[in-house]
Amino acid sequence: MSSLDQALWVLLLGSLLGLELIGKVPPTLHTPLMSGANAISGITVLASLTLIAEAQGNPALLVLGAVSLGFALFNVIGGFLVTDRMLAMFSRKSDSRKPSGGEA
Amino acid sequence: MSALDAFGYVIDLLAVLLLALGLKGLSKVRSARSANGLAALAMGLAVAGLLIQLQPDPTAWLWIAVGTAAGGLLGLLTAQRVPMTAMPETVALFNGCGGMASLLVAVAVALFGSGDSGLVERISIVISVFVGAITFSGSIVAMGKLQGWIGTPGWTQSSVRHAVNITLALASLVGGIFMAAAAAGSGDLPLWLLVVASTLLGIGVTLPIGGADMPVVISLLNSYSGVAAAAAGFVVGSQLLIVAGAMVGAAGLILTQVMCTAMNRSLLSVLFGGALGAAAGGHVGGGGDEAGYSRIVSCSAEECAMALENAERVVFVPGYGLAVAQAQHALRELSKLLEANGSEVSYAIHPVAGRMPGHMNVLLAEADVPYEQLLEMDTINPEFPRTDVVIVLGANDVVNPDAKTDPSSPLYGMPVLEVDQARQVFVVKRSLGAGYAGIANALFELPQTAMVFGDAKAVLQQLCTELRSQGVGSKVAAAA
């Protein structure tokens, strides 16, 4: 991090962005939104990867990094797939045109 | 700035943009599915970009492969196998693992971090450990409670828990302060104190919370997992983590607020007030016993079927019991029969029905219930007076008329579905035990209410059989 105040600005703006993006959510989407957001919070994978790559052969760091990578990826992959499963059920009938969903 | 750094910035910015668009799209029905894909794409992009920048050596690649294989495979299997009825537990589990990842990253940096760390870094580590540990243990307890593995122990409803939790919070604070003050590597005792105390604190604050408040807890924990990711971003110095974590944290807070409004409770009273009903004397039915009811009328599925056959307008009120009994497909079958019989069928969805926000919508969508038939509380409430038959399926507190009329009820003030306005109400329930919140329901004693005792799925199947035997089914067969 180049500087603390820069990081704090990023934090502040990110929070405001989150508040702004999720203004009004229809109740139908509460669960998928939550599990989708949950998957995004698994972005800790980046921290785990950094840890492993910069371990410089330290076995403890490698192991801890790999374990945390496992947990975070479980969160990410599971989260996106389960969200997709739920949303597939919604789009099955609420839309006559089938939106082509991306795959995680 | 080297070309590689510039490349990293571009990738990060692109990933943030896609994540923001994904989150935005997730709040609209039409775009939700592609938005989810977009967010997943952003995540993949961020990972690829980071790997190109970091250029891990072969040993590192090996460990990355191990972690990826384990986490990815388990995630894949879980996501495919888990039934829709178990969605709240699953989200709680994923959530807890996200928290665990942040916790591990911070612990690893604290224990084996290279060189001298500044005050800012140490404070980031403290926050990351604290929030990560609470998210992890809190989510796992929430999952256990949702699965029915863990109950709500008696001591957690007394003031003992406040003493316990305050002690744990203070212990975490002491550990945190010592960690932040001391230079890295000068003894790991404060770290372990922080880890243990905050893990126990996560258990201590989640354990007392009653099942009826679970939607609030799940969305709050979801918000925490975002905060944990942002804190981990401060630890490893990644702005992308900070942005993404902050977005999830803020979005989770909004959902939490929506849930609290729907229950007419403040977040503080959910967190510190203990399980609803535990403190209310006299009115409490008590888990499982039948105290407090005097005018209960029960009826058979046959009588219920006769009422349904003649009803022009039927409203189903699903609750957690529907999920437990996995009765959503049986319910859809019954409503198809009724529609073939000329009845107008709709579903009344209370915002906090079930154990997570939007739980019922997911279940009914799985059973192919048309989206338009799911009506929100404000839309359906004026319709109840002209409704012939209401069938309450495993819902309880969200239909309790005491919430409107009895100021002494712990539910007083919570917006409820006004099913007592309908001509006839059938409540499908396994026993007369109080709801998960432990509060007696005045609806059950009203003259227009009849109880149909049994498992929701079994009762619904009986109703279908009865209706078919009265000739309703033949028209369906022709229509199908």
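**View 1. Helix H2 of chain A meets helix H8 of chain B.** Here Met34(A), Ala37(A), Asn38(A) and Ser41(A) of H2(A) touch Ser219(B), Asn222(B), Ser225(B), Gly226(B) and Ala229(B) of H8(B). Sort those residues by class and you get three nonpolar, six polar and no charged ones. Keep in mind that this is a predicted model. The two helix axes come within 9 Å and cross at roughly 20°. An angle under 35 degrees counts as roughly parallel, so H2(A) and H8(B) are roughly parallel to each other. As for its hand, the crossing of H2(A) and H8(B) is left-handed.

**View 2. Helix H2 of chain A packs with helix H4 of chain B.** The axes of H2(A) and H4(B) lie 9 Å apart, and the packing angle is about 20°. That again makes for a roughly parallel pair, H2(A) with H4(B). The crossing of H2(A) and H4(B) is left-handed. On the chain A side, look for Thr31(A), Met34(A), Ser35(A), Asn38(A) and Ser41(A). Facing them from H4(B) are Met87(B), Val91(B), Phe94(B), Asn95(B) and Gly98(B). This contact has four nonpolar, six polar and no charged residues. Flip back to the previous view and you'll find Met34(A), Asn38(A) and Ser41(A) there too, in the contact with H8(B).

**View 3. Chain B where it touches chain A.** Zoom out a bit: the contact takes in 99 residues of chain B and 82 residues of chain A. Several elements of chain B each put at least two residues into its side, among them helix H1 (3-25), helix H2 (32-54), helix H3 (58-81), H4 and H8. Also on that list are H9, helix H14 (359-366) and strand E3 (374-376) of chain B. The largest share, 16 residues, comes from H9(B). By class, chain B's side of the contact breaks down into 65 nonpolar, 28 polar and six charged residues.

**View 4. Domain 2 against domain 3 in chain B.** Chain B splits into domain 1 (1-79), domain 2 (82-275) and domain 3 (301-479). This close-up shows where 19 residues of domain 2 are in contact with 18 residues of domain 3. On the domain 2 side, helix H4 (87-112), helix H8 (214-236) and helix H9 (239-263) of chain B each chip in at least two residues. That side of domain 2 has 14 nonpolar, five polar and no charged residues. Taken over C-alpha atoms, the centres of domain 2 and domain 3 of chain B are 36 Å apart.

**View 5. The six-stranded sheet of chain B.** Read across this open sheet and the strands of chain B come in the order E3-E2-E1-E4-E5-E6, with parallel pairing. E3 and E6 (449-453) stand at the edges with a single partner strand each, so one side of each has no neighbour in the sheet. From one strand to the next, the twist averages 25°.

**View 6. Strands E1 and E2 of chain B, side by side.** E1 (residues 313-318) and E2 (residues 344-349) of chain B run parallel and are joined by four bridges. To get your bearings, find Val315(B): its bridge partner in E2(B) is Ser346(B). In general, strands of a sheet pair through backbone hydrogen bonds, either parallel or antiparallel.

Conventions
Residues numbered from 1 in each chain as written. Chains lettered and ligands numbered in written order. Predicted model: local features only at pLDDT ≥ 70, side-chain atom pairs only at ≥ 80, totals over all residues. Domains from an automatic or database assignment. Contact = placed C-beta atoms within 7 Å. Nonpolar A, V, L, I, M, F, W, Y, C, P; charged D, E, K, R; others polar. Axes fitted to C-alpha atoms, helices over the stretch in contact; angles between N-to-C directions. Parallel < 35°, antiparallel > 145°, perpendicular 65-115°, else oblique. Left-handed = near helix turned anticlockwise from the far one by under 90°. Pairing = 2+ DSSP bridges.
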